[in-house]
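Colleague: I am new to this one and would love a friendly tour. Could you take me through the reasoning behind each label?

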Amino acid sequence: KKRNMKKSVIKGFGYYVPEKVVTNDDLAKLMSTNDEWITERTGIKQRHYRKNINDAEETTAYLGLQASKKAIESAGLTAKDIDYIVFATLSPDYYFPGCGVLLQEMLGCDTIGALDVRNQCSGFVYAMSVADAFIKVGQYKNILVVGAEIHSFGLDFTDRGRGVSVIFGDGAGAIVLSASEDDSVQGILATNMHSEGKYADELCTKFPGTKYGWSVRLKNEPDAIPDEEIYPHMNGNFVFKHAVTRFPETIHEALEKAGKKVEDLDLLIPHQANKRIAQYVQQQLGLPDEKVMVNIEKYGNTTAASIPIALSEAIEEGRMKRGDLVCLSAFGSGFTWGSVLFEY
Ligand code: COA
């Protein structure tokens, strides 16, 4: 007998970025870079950083909390209505436990499940696919899906790190994904997730990982740990080439699975990695400007937070309306990539 599947729909949304704005000119004071290079290669004009590099208050979970409060409120719910949390980040407050439990406590939720997702730039689409599956089988009703990052604490602001550091920013976004019996909206139609771990070293931060014996080395020879292991490493050209192939692939896969065509799409919200990647993907798919959400100029790449921030802005700006066919798509460290296609 066929199980009666529920529909999962986005009921609420919200985002939060720290107040402090850091322009390309500000970064040019710290390393040899300039506004022209950053704008031309990435489309980024500014990003937000938390006020202090070290701050026990304004953490990743805290940013996630601010976005979550807005998402829960916009869903017309309270924290007590949330029955599961999925938290995606590559920059957790602690090495362990993850941010999910910290958010559960901060929100004052019941002792609900809190799952952490470690899929970097694809983190939010991975998180959403898990939430969608739980809702479709009827396990949970209102799932809080969060993506949040503090990058500013761990970037190399010297010339060595300039190819990476100019790209990333802090921020958070969240949605409430809810079970729906409303016939007028279809909700999530298709998801697909992929990975190719042989490229793990092409975009990674090695510290503090078990492979590198970090705790012993930190204790015995702290100065001997090379910067390459502490700061994020990215083979930019290599990542770029894979991204522009995988994005169209995963988007087509989602559309095909749902029996839709590119022409049916009302809005594509790609992970905000680089404006040139988005433009390339747009061109490949033959989409007009108004059907591709790009806001990287304001926030840089906020990794797991970039899609829920862009999604929230798209709704606020009236670019994403109820009934629209929307595709969220991401590619990043892992490598990982995937898409979520839904009728909003
Ligand atoms: N300011 C000024 N010059 C810089 C710079 C900076 N911030 N960063 C690097 N450069 C220099 C390089 O040293 C290099 O100089 P050289 O030619 O004298 O050796 C030159 O600029 C070109 O560097 P390169 O790395 O080849 O540039 P690029 O065109 O590949 O652009 C990225 C670099 C990072 C913008 C680009 O590769 C990219 O966006 N990749 C994808 C990254 C991404 O999306 N990551 C997130 C994954 S989801």
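Modeller: Gladly. Let us begin with a term: helices, of at least four residues, and strands, of at least two, are DSSP runs numbered from the N terminus. With that in hand, P97 can be placed in the loop between β4 (84–88) and α4 (99–107). Please keep in mind that this is a predicted model.

Colleague: How many helices and strands are there in the protein?

Modeller: The protein has 12 helices and 13 strands.

Colleague: What makes the radius of gyration agree with a compact globule?

Modeller: For 344 residues, a compact globule would have a radius of gyration near 20 Å, and the protein has 19 Å, so the value agrees. The C-alpha trace spans about 60 × 45 × 35 Å along its principal axes.

Colleague: Back to P97. Why is the peptide bond from F96 to P97 called cis, and what is its omega?

Modeller: Omega is near -5° for the bond from F96 to P97, and that bond is cis. There is another cis bond, from G334 to F335, with omega near -15°. F335 sits in the loop between β12 and β13 (336–343). Most peptide bonds are trans.

Colleague: What makes the phi of Q120 worth a remark?

Modeller: Phi of Q120 is near 50°, which is positive, and Q120 is a residue other than glycine. Most residues other than glycine have a negative phi. Q120 is found in the loop between β5 (113–117) and α5 (123–136).

Colleague: Now the ligand. Which residues that surround it are the closest?

Modeller: The ligand is surrounded by 24 residues, the closest being T33, R41, R162, N237 and N274.

Colleague: How do you know that T33 makes a polar contact with the ligand?

Modeller: The cut-off for a pair of N or O atoms is 3.5 Å. A polar side-chain atom of T33 is 2.6 Å from a ligand nitrogen atom, so the pair counts as a polar contact. The side chain of R41 has an N or O atom 2.5 Å from an oxygen atom of the ligand, and for N274 the distance from such a side-chain atom to a ligand oxygen is 2.4 Å. The ligand taken alone exposes 950 Å², of which the protein buries 73%.

Colleague: Which element gives the most to the shell around the ligand?

Modeller: That is α9, with four residues. Elements that give two or more include α2 (35–42), α6 (162–165) and α10 (275–285). By class, the shell has 11 nonpolar, 10 polar and three charged residues. The space taken by the ligand is the second largest pocket.

Methods. Residues are numbered from 1 along each chain as its sequence is written. This is a predicted model: local features need pLDDT of at least 70, side-chain atom pairs count only at pLDDT 80 or more; totals for chains, interfaces and linings use all residues. Side-chain values use heavy atoms; hydrogens and water are left out. A residue is near a molecule or strand if one of its heavy atoms lies within 4 Å of it. A polar contact is a pair of N or O atoms within 3.5 Å; within protein, one must be able to donate a hydrogen and the other to accept it, and residues adjacent in sequence count only if both atoms are side-chain atoms. Accessible areas come from the Shrake-Rupley method with a 1.4 Å probe; for residues, only the protein chains shown count as cover. On a 1 Å grid over the protein atoms alone, a cavity is a set of points where a 1.4 Å probe fits but cannot get out, and a pocket is an open set with protein on both sides within 12 Å along at least five of seven lines; lining residues have an atom within 4 Å of a point. A molecule sits in a cavity or pocket if more than half of its atoms lie within 2 Å of its grid points. Ala, Val, Leu, Ile, Met, Phe, Trp, Tyr, Cys and Pro count as nonpolar, Asp, Glu, Lys and Arg as charged, and the others, Gly among them, as polar. The radius of gyration is taken over C-alpha atoms; the globule rule is 2.2 Å times the number of residues to the power 0.38.
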